[in-house]
Amino acid sequence: MTTPADAPARALLRSATRHSAARTAALCLVSTAATGAGLLLPLALGRTLDLLLTGAPATRWVLYCAGLVLSLALLDACQSVLVGTVDARTTAWLRGRLTRHVLAVGPRATARFGSGDLVARLVGNAAQAGTAPAARAALVAAFAGPVGGIVALALIDPWLAAVFLAGAPVLALLLRAFARDTSRCATRYQQEQGRIAAALAEAVDGHRTIAAAGTADRETARILRPLPELSRAGHLMWRVQGRAAARAIAVAPLLQLGVVAVAGVLLARHRLTVGEVLAASRYAVLATGVGMLVAQLAGVARARAAAGRLGEVVTEPAPAYGGRRLPPGPGRLELRGVSFRRGGHTVLDGVDLVVPGGTTLALVGRSGTGKSLLAALAGRLADPDDGEVLLDGVPLGELTHDELRRAVAYAFERPVLLGRTVEDAIGLSLPAPSPALVRQAARTARAEDFVSRLPKGYATSLTDAPRSGGESQRLGLARAFAHSGRLLILDDALSSLDTVTEARIAEALADAGSSATRLLIAHRAVTAARADAVAWLDGGRVRAVGRHEELWGITAYRETFGAEPVTEEVSS
C-alpha cells in the first residue's frame, strides 16, 4: 500500500544516493567482486581436490585457493570501510536536507509534527534511512550470490540446477512476504518512537510547571505510555524476521539436500568427479543464501520505512519566494483583506490595515484575537489564506528571501538566543557584525549593564551567561535593533520588562532617530499610549484604529487592559 509520502521518500533516497554515487558504485563493485571470489572458490577447491586424489601436481591450484581466500578477506575489509563511509555521508546529507527544509517551512513544521517527533525523525530516522544506499548495493551482491550459484550448478550439470529451481519459487515467495511485512512493522515501530520523543520534548519544555505541580511521576507515566505499544511493535518485527528466516531455512536444507543427492547419483554414474560434488554442495549453499538475503532485505525495509517518515516532512511545502526587490521607501505596511483560518476556525477575517512608514502601531486585543498571528503575517512568518500583505507597495510573496529578511526584523516574547557568545547572539542576522553596532544595539535595549557584568562581557559564552527572563528579552530586542531593516516587529517582546526599562527603551528608540516602521503587541495601556496609533483587534477583525487616548473612552477597549468600566462611553 502506497502513501502520499512514498514518492517524496523515493525522490529523497535517490538524491541521497546521488550524493554518494561514486562511493556507492565502488561499494557495489567491491561487494560484487567479493561475491565473484566466493563463487570461484568452490570451483578452485573442487579442482584441487580432484588433482590431489589423482596424485597430479596441485601447487598452482592451492595457490589459487590461497589467493581467493586472501582476496575475500581484503574485499570484506574494503566493503566494511565503504559501508561506514556511505552510511555516514548519506545520513549527514539527509539531516542537512531535512533541517534546511524544516527551517524553511517554519512554525508549520512544529505545529504538524511536534518538536520532539521532528528531532526523532531528523536524528534516528535519518540515520536509519541513511543506510539505504549501502544496503541496496549490498543487496545486489546478496542476490548475485544465489544467481551465480544457480549458474554454476547448471555449468557443472543442468540436472543440479533443475532440482534447485524446482523449489526456488517457494523461497522467493517467502522472501517477498518478509520484505512487505518488515516494512510495515518498522514503520509502526518508528511511529511509536516518535510519540515518545514528542512527549519527552514537551516535558522538558515544561519542566518548571511539572516541578511546581509535583507531577513528575505522572509525566513519566505519560511519556512512557507508548512503551508497551513500542515493545509490541518491536517484538512483532523480530517475530516476522524470525518466522521468515525459519521458513526459508526449512526450505533451504531441502534444496541443498536435493542438489547433493542428485550430485551423488551423477557421481555414481561417473558423470561428476569428487571435486565437482564438493563444488556442487558449496554452490547449493550459496544459491540458497537465505541468511544474507533476509538480513539485507530487513535492512532495506527499515531504511524505506524511515525514509517514508522523512518523506512526510518533505511533503510539508516551504514558502515560495519571488524575484523582486523593494523600491526606495519608508517601510509602509499594508494588509488588504487578510484572512487566516486554523483548524476550520477563522482567526483573522478580512483585516484591512495600513501602517504609515516610520510610525509605531500598537496591536491591542484580548487573548486569542490574533495579535501574534497578525504580527507573523506582517513579516511573512506565515502566509494568509486570503488577501495579501505589502511592504512599500510590494506583496511580500514577490520578494526574494534575502530581500524580505533584510527588510524585516523581529523580537519575540521568549527569544531563542543562538550563537556561541553574547556578541554572536546579538549580531545573528548581520552579514558582518561589527562590535560597535552590537554594543549600540545593546545600549538601546538597555542590556549593556548586565552584559558588562558577565565574566567576559560580550565574549561570554551563552552557556556561561545566566540571565533572567527580562535579560533574555533585552538581548532579543538588541538583536532586532541591530538589524537595520524597514520594519521592526515586536511580538510581545516587552512583556518581561518592568515599566521603567520599557519606557527607557521606547525613549532610546525615539532618540536614535530610527526611520523603521514599528509594529508592536501591547498589553499595557502605557505601552499603547506611547505608540503613534493603536489597532484594536476584536473577533478576528480590526474594530478601531486611532490614538490610545481617543479609544480609551470606549469601555470594551479599556477592558482589554483590565481597566474598570466607566459610565460614559465614547463611540468609535
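Me: Let's say that two residues are in contact when they have heavy atoms within 4.5 Å. On that basis, which residues in α3 meet Leu12, Ser15, Ala16 and His19 in α1?

Reply: Happy to help, and please keep in mind that this is a predicted model. Helix α1 spans residues 6-19 and helix α3 spans residues 59-105, so look for the partners inside that second stretch. On the α3 side, they are Arg89, Thr90, Trp93, Leu94, Arg97 and Leu98.

Me: How many charged residues does the contact of α1 with α3 have?

Reply: Sorted by class, five residues of this contact are nonpolar and three are polar. Arg counts as charged, and α3 brings Arg89 and Arg97 to the contact. The number of charged residues is two.

Me: Is α1 parallel or oblique to α3?

Reply: The axes of α1 and α3 come within 9 Å of each other and cross at roughly 130°. An angle over 145 degrees would be needed for roughly antiparallel, and 65 to 115 for roughly perpendicular. The crossing is right-handed, and its angle makes the arrangement of α1 and α3 oblique.

Me: How are α2 and α11 arranged, roughly parallel or roughly antiparallel?

Reply: Helix α2 (residues 21-54) packs with helix α11 (residues 274-288) at an angle of about 160°, their axes being 7 Å apart. Angles over 145 degrees count as roughly antiparallel. The handedness of this crossing is right-handed, and the angle makes the two helices roughly antiparallel.

Me: And how many nonpolar residues does the contact of α2 with α11 have?

Reply: The α2 side includes Leu39, Pro42, Leu43 and Leu45, and the α11 side includes Val274, Leu278, Ala279 and Tyr283. Polar residues number three here, and charged residues also number three. The nonpolar count is 11.

Me: What is the handedness with which α16 passes α18?

Reply: Helix α16 (residues 435-444) and helix α18 (residues 469-482) have axes that come within 8 Å and cross at roughly 125°. That angle makes α16 oblique to α18. The crossing is right-handed.

Me: Which residues of α18 make the contact with Leu437, Ala441, Ala442 and Thr444 of α16?

Reply: Thr444 is of α16 and Thr counts as polar. The contact as a whole has six nonpolar residues, one polar and no charged ones. On the α18 side it is made by Ala478, Phe481 and Ala482.

Me: Is Phe450 buried or exposed?

Reply: You will find Phe450 in helix α17, residues 448-452. Beyond its neighbours up to four places away in sequence, it touches Glu471, Arg474 and Leu475. Its relative accessibility is 6%, and the cut-off is 20%, so Phe450 counts as buried.

Me: Where is Arg446, and is it buried or partly exposed?

Reply: Most residues other than glycine have a negative phi. Arg446 has a positive phi of about 55°, and its place is in the loop between α16 and α17. With a relative accessibility of 33%, Arg446 counts as partly exposed.

Me: How does Arg380 count, as buried or exposed?

Reply: Arg380 has a positive phi too, near 60°. Its place is in the loop between α13 (371-378) and β4 (386-391). The relative accessible area is 9%, so Arg380 is buried.

Me: What is the separation of the C-alpha atoms of Ala407 and Leu326?

Reply: Ala407 lies in helix α14 (residues 401-407) and is buried, with a relative accessible area of 5%. Leaving aside neighbours within four places in sequence, its contacts include Leu326, Leu391 and His483. Ala407 and Leu326 are 81 residues apart along the chain, yet their C-alpha atoms are separated by 8.5 Å.

Me: Which residues does Thr527 touch, not counting residues up to four places away in sequence?

Reply: Thr527 lies in helix α20, residues 525-530. It counts as buried, at 8% relative accessibility. The residues it touches are Leu494, Glu502, Leu520 and Ala522.

Me: Finally, what percentage of the residues of the protein count as buried?

Reply: The protein has 22 helices and 10 strands. It exposes about 28,000 Å², with carbon and sulfur atoms supplying 60% of that area. Of its 572 residues, the share that count as buried is 47%.

Key: Residues are numbered from 1 along each chain as its sequence is written. This is a predicted model: local features need pLDDT of at least 70, side-chain atom pairs count only at pLDDT 80 or more; totals for chains, interfaces and linings use all residues. Side-chain values use heavy atoms; hydrogens and water are left out. Axes are lines fitted to C-alpha atoms, for helices over the stretch in contact, and angles run from 0 to 180 degrees between N-to-C directions. Helices (H or I, at least four residues) and strands (E, at least two) are DSSP runs, numbered from the N terminus. Angles under 35 degrees count as roughly parallel, over 145 as roughly antiparallel, 65 to 115 as roughly perpendicular and the rest as oblique. A crossing is left-handed if the near helix is turned anticlockwise from the far one by less than a right angle, and right-handed if clockwise. Buried means under 20% relative accessible area, exposed over 50%, partly exposed in between (1.4 Å probe, protein chains only). Accessible areas come from the Shrake-Rupley method with a 1.4 Å probe; for residues, only the protein chains shown count as cover.
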